[in-house]
Amino acid sequence: MTRRQLEVLDLLAQGLSNQEIGERLGLNLSTVKTHVTGVLKALGVGSRTQAVLLVKESGRDRLV
């Protein structure tokens, strides 16, 4: 996973929406969606909820 994807996953785990992630990282919505899709593919999951559960189950507070 790229550093940017890890940043996006970290923000997903904090409960931010795509719009909020874009604002936080200075990205447009389309780019955020592309990164979210990459995160899901890299983790082998079908939803952002499943991705967040993997983060929470790892016991880590932050990924980056």
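Which residues does leucine 29 touch, not counting residues up to four places away in sequence? In this predicted model, the answer is Asn18 and Gln19, and following that pair of contacts outward is a convenient way into the structure as a whole.

The setting comes first. The chain contains four helices and zero strands, so that, in the sense of a simple listing, its pattern read along the sequence is α-α-α-α. For a chain of 64 residues, a compact globule would be expected to have a radius of gyration near 11 Å, and the chain agrees with that expectation because its own value is 11 Å. Taken along the principal axes, the C-alpha atoms fill a box of roughly 30 × 20 × 20 Å. Of the 64 residues, 38% count as buried, and among the contacts between residues at least 6 apart in sequence, 53% join residues that are at least 24 apart.

Leucine 29 itself has its place in helix H3, which covers residues 29-43. With a relative accessible area of 35%, leucine 29 is partly exposed, since the buried class is reserved for values under 20% and the exposed class for values over 50%. The C-alpha atom of leucine 29 is separated by 19 Å from that of alanine 51, a residue 22 places away along the chain.

One of the two partners of leucine 29, asparagine 18, lies in helix H2. Asparagine 18 has a relative accessible area of 17% and is therefore buried, because the limit for that class is 20%. When its neighbours within four places in sequence are left aside, asparagine 18 is in contact with Leu29, Val32, Lys33, Val36 and Arg48, a list in which leucine 29 appears again.

Asparagine 18 also belongs to a wider pattern in H2, the helix of residues 18-25, whose buried residues are Asn18, Ile21 and Gly22. These residues lie on the same side of H2, because they cover an arc of only 100° around the axis. The face turned away from that buried side carries the exposed residues Glu23 and Arg24. As for what covers the buried residues of H2, the cover includes helix H1 (3-13), helix H3 (29-43) and helix H4 (48-58). After H2 comes glycine 26, whose phi is positive, near 70°.

Helix H1, which is part of that cover, is itself mostly covered, with eight of its 11 residues buried. The buried residues of H1 are Gln5, Glu7, Val8, Leu9, Asp10, Leu11, Leu12 and Ala13, a set that includes the acidic residues Glu7 and Asp10. These buried residues pack against H2, H3 and H4. Just after H1, glycine 15 takes a positive phi of about 90°, and a positive phi is likewise found at glycine 26, following H2.

It remains to consider the surface and the charges. The chain exposes about 4,000 Å², of which carbon and sulfur atoms supply 49%. There are 9 positive and 6 negative side chains, and the centres of the two sets lie 5 Å apart.

Methods. Residues are numbered from 1 along each chain as its sequence is written. This is a predicted model: local features need pLDDT of at least 70, side-chain atom pairs count only at pLDDT 80 or more; totals for chains, interfaces and linings use all residues. Side-chain values use heavy atoms; hydrogens and water are left out. Buried means under 20% relative accessible area, exposed over 50%, partly exposed in between (1.4 Å probe, protein chains only). Helices (H or I, at least four residues) and strands (E, at least two) are DSSP runs, numbered from the N terminus. The arc is that of the directions from the helix axis to the C-beta atoms. Contact means heavy atoms within 4.5 Å. The radius of gyration is taken over C-alpha atoms; the globule rule is 2.2 Å times the number of residues to the power 0.38. Accessible areas come from the Shrake-Rupley method with a 1.4 Å probe; for residues, only the protein chains shown count as cover. The place of a charge is taken as NZ of Lys, CZ of Arg, CG of Asp or CD of Glu.
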